[in-house]
Amino acid sequence: MKILVAVKRVVDANIRIRIKPDGTGVDLDNVKMAMNPFDEVAVEEAIRLKEQGIASEIVVVSIGPAKAEDTLRRALAMGADRAILVLHEAHSEPLGVAKVLRAVAIEEAADLVLLGKQAIDDDANQTGQMLAALLGYGQATFASRLEIEARTARVTREVDHGLQLVELPLPCVVTVDLRMNTPRFASLPNVMKARSKPLMKKAPGDYGVDLTPRLRVLKTEEPAGRKPGVIVGSVAELIDRLKTEAKVI
Amino acid sequence: MPALLIAEHDNATLDLQTARAVTAALAIAGEVHVLIAGHGCGAVAAAAARLSGISRVLVADATPLADQLAEPVATLVVGLAGPYGALIAAATSCGKNLMPRVAALLDMMQISDIIAVDGPHVFRRTIYAGNAIETVQSTDAKQIVTIRTSAFPPVDGQGNAEVVPVAVAIAAGPVRFIENRSARSDRPELSAARVVVSGGRAFGSKEKFDALLGPLAAKLNAAIGASRAAVDAGYAPNELQVGQTGKVVAPDLYIACGISGAVQHLAGMKGAKIVVAINSDASAPIFQVADYGLVGDVFEILPELARLL
Ligand SMILES: Cc1cc2nc3c(=O)[nH]c(=O)nc-3n(C[C@H](O)[C@H](O)[C@H](O)COP(=O)(O)OP(=O)(O)OC[C@H]3O[C@@H](n4cnc5c(N)ncnc54)[C@H](O)[C@@H]3O)c2cc1C
Ligand SMILES: Nc1ncnc2c1ncn2[C@@H]1O[C@H](COP(=O)(O)O)[C@@H](O)[C@H]1O
């Protein structure tokens, strides 16, 4: 079984972003970047399936700038076999990304495509669902547990009312939530080894995909801050203020 | 062109978030129809018909739609999409699962989790865990939008829309529903509650989490929420997680107990009217968004708070 994992290079989750003063976007100059945390979980899950003898090959793919090679190398250092970098310096949207991923999934004849449930930069939560639609496959989103048996995926999904269990045939698309596993660190020898693993560079045009955005971003701004609060001295004072000042209880 | 709003329900009851999504839908289009896709969902259709401001309820009642899986429902929605200028759903786990599938089948981009409507094609939404707000304009022929319901008030129930059955000729999709599991709770629903009492890693165990937050929540008739750390540690079920990757809530009162206030948590509760933070570390970032802060030990403060309320 072949697994394709989509990984996105995003601003590190621990970094406090800055908005450009002219409101044209988020300032990404010299900001620490990392693999989208959900995608790390997806890579880890693929590696575990390979370690269990269920998967035979793991291909990782990213659509992004030349620097996204670092992200792919990191996935290779964790244990992926091969990488594909679809070079695109400009901003891309889930629909365009899903179209590229569709072409790659077909070319690679992937049995399972793993994605993160959401990228922590655009917070879109769309790409996996769009990819499944374009491929005509079943989808299992927000997965916290994945078992593969006899070409069937059994997935536990985190939903608003708790957990949902579903089963779907391969090939399919699964988007993962953080609770699925804890991604491993890549050891130094594995980081070295990853440097010589195959990484293929492509262009969106190679797949016949136009990544021109459909949405126009008119403005990016700071959210309104909350007004400063007060530190109260006792539980009694808190209750009094909630009753008489805030009037919420 | 009218908008079609896909309702959130469980075949028996209409989720309260739909009434909020109607407010957003009415800001996008002058005329709003509501689609109930499910099986044995007549009562839901009757409830939806009472939502003020909507003019028609479409009911697609068929076995393949019973579990509201994305594949058959997306096929249904795409089939109905023709006359609509906007396709809308609440940004619930169901809406998030469904709408991008619809969008891709129509070759259109979706605008996720909007917090404001600035014009028929212009929306505001948060990015980077709520640390920036983007104003985006759609250039597609239809607007495909999910709504952050905590950002919109509900419409009331004074309406009287016509209920129209739609013929469903859709086969079951590839996904087989097995079961839903939810932790039983007698507390109000997190996304609908007026007061939320939320706990973090500080509690140290599920027993203490329940023992300390339960009585307080009962006194305030509050829903219980949790940080990701508390859910990861097994103190609370996943459906109680508040934040960037959990639920976004905007209650009148949010009491954060033993929660540090990571940006990913703030993303889910910054919209609360009043925030109270209780934390033993006076420098915890949660105090920066709190209207009232109390520095101290949750194990001492929470029992006293529950007693004095
Ligand atoms: C991609 C991504 C997505 C995420 N999504 C979410 C999300 O949706 N929601 C979310 O909550 N987090 C999310 N997180 C995690 C987030 O970054 C934090 O790790 C998490 O919110 C921390 O939870 P906490 O505040 O309970 O724990 P901690 O950060 O460990 O804080 C515990 C707090 O309790 C205080 N404390 C300890 N003992 C006591 C005591 N006896 N009395 C009073 N106070 C005490 C401490 O001073 C501390 O401030 C996400 C992270 C990533 C990377
Ligand atoms: N540019 C990209 N390259 C590779 N994978 C991506 C890219 N953008 C999104 N993805 C995948 O899609 C998931 C969801 O992203 P989004 O729909 O943008 O929230 C991510 O977690 C990735 O797995």
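A residue counts as buried when its relative accessible area is under 20%, as exposed when that figure is over 50%, and as partly exposed in between. With that in hand, Ala218(B) is easy to place: its relative accessibility is 44%, so it counts as partly exposed. Ala218(B) belongs to helix α5 of chain B, which covers residues 206-220. Its C-alpha atom is 21 Å from that of Gly293(B), a residue 75 positions away along the chain. Like everything described here, these values come from a predicted model.

Glu162(B) tells a similar story, this time in a strand. It lies in β9 of chain B, residues 162-165, and at 40% relative accessibility it counts as partly exposed, because 40% falls between the two cut-offs. Between the C-alpha atoms of Glu162(B) and Ala90(B) there are 22 Å, with 72 residues separating the two along the chain.

Turning to chain A as a whole, there are six helices and 13 strands. Its C-alpha atoms fill a box of roughly 65 × 45 × 40 Å along the principal axes. Of its 249 residues, 55% count as buried.

One helix of chain B deserves a closer look. Helix α4(B) runs over residues 93-105, which makes 13 residues. From first C-alpha to last it reaches 19 Å, close to the 18 Å expected at 1.5 Å a residue. Ten of those 13 residues are buried, so α4(B) is largely enclosed by the rest of the structure. Among the buried ones are Ser93(B) and Gly95(B) towards the start of the numbering, and the run Asn97(B), Leu98(B), Met99(B), Pro100(B), Arg101(B), Val102(B), Ala103(B) and Ala104(B). After the helix comes Asp107(B), whose phi is positive, near 55°.

Next come the ligands, beginning with ligand 2. This molecule sits in the largest cavity. The elements giving two or more residues to its shell are all in chain A: β4 (57-64), α3 (94-108) and β6 (112-116). The largest share, three residues, comes from β4(A). In total 19 residues surround ligand 2, and the closest are Asp39(A), Ile63(A), Ala119(A), Asn125(A) and Thr127(A).

Several backbone atoms make polar contacts with ligand 2. A polar backbone atom of Ala6(A) is 2.8 Å from an oxygen atom of the ligand. For Asn125(A), a backbone N or O atom also lies 2.8 Å from a ligand oxygen, and for Gln126(A) the corresponding distance is 2.9 Å. On its own, ligand 2 would expose 480 Å², and the protein buries 99% of that.

Ala119(A), one of the closest residues to ligand 2, is found in the loop between β6 and α4 (127-135) of chain A. Its relative accessibility is 13%, so it counts as buried. Although Ala119(A) and Val10(A) are 109 residues apart along the chain, their C-alpha atoms are separated by 7.6 Å.

Ligand 1 brings both chains into play. Residues from chains A and B surround it, so the site is shared between chains. The shell holds 30 residues, and the closest are Arg201(B), Ser227(B), Val242(B), Ser260(B) and Asn279(B). Four helices each supply at least two residues of that shell: α1 (37-51) of chain A, together with α6 (228-232), α7 (263-266) and α8 (298-308) of chain B.

Polar contacts to ligand 1 involve both backbone and side-chain atoms. An N or O atom in the side chain of Gln264(B) is 2.8 Å from an oxygen atom of ligand 1. On the backbone side, a polar atom of Gln244(B) is 3.2 Å from a ligand oxygen, and a backbone N or O atom of Gly246(B) lies 3.4 Å from an oxygen of ligand 1. Taken alone, ligand 1 exposes 990 Å², of which the protein buries 80%.

Finally, the two chains also meet at Asn238(B). A polar atom of its side chain lies 3.1 Å from the backbone oxygen of Gly162(A). Asn238(B) is in the loop between α6 and β13 (253-257) of chain B, and with 13% relative accessibility it counts as buried.

Definitions and conventions: Residues are numbered from 1 along each chain as its sequence is written. Chains are lettered from A and ligands numbered from 1 in the order in which they are written. This is a predicted model: local features need pLDDT of at least 70, side-chain atom pairs count only at pLDDT 80 or more; totals for chains, interfaces and linings use all residues. Side-chain values use heavy atoms; hydrogens and water are left out. The expected span of a helix is 1.5 Å times one less than its number of residues. Buried means under 20% relative accessible area, exposed over 50%, partly exposed in between (1.4 Å probe, protein chains only). A residue is near a molecule or strand if one of its heavy atoms lies within 4 Å of it. A polar contact is a pair of N or O atoms within 3.5 Å; within protein, one must be able to donate a hydrogen and the other to accept it, and residues adjacent in sequence count only if both atoms are side-chain atoms. Accessible areas come from the Shrake-Rupley method with a 1.4 Å probe; for residues, only the protein chains shown count as cover. On a 1 Å grid over the protein atoms alone, a cavity is a set of points where a 1.4 Å probe fits but cannot get out, and a pocket is an open set with protein on both sides within 12 Å along at least five of seven lines; lining residues have an atom within 4 Å of a point. A molecule sits in a cavity or pocket if more than half of its atoms lie within 2 Å of its grid points.
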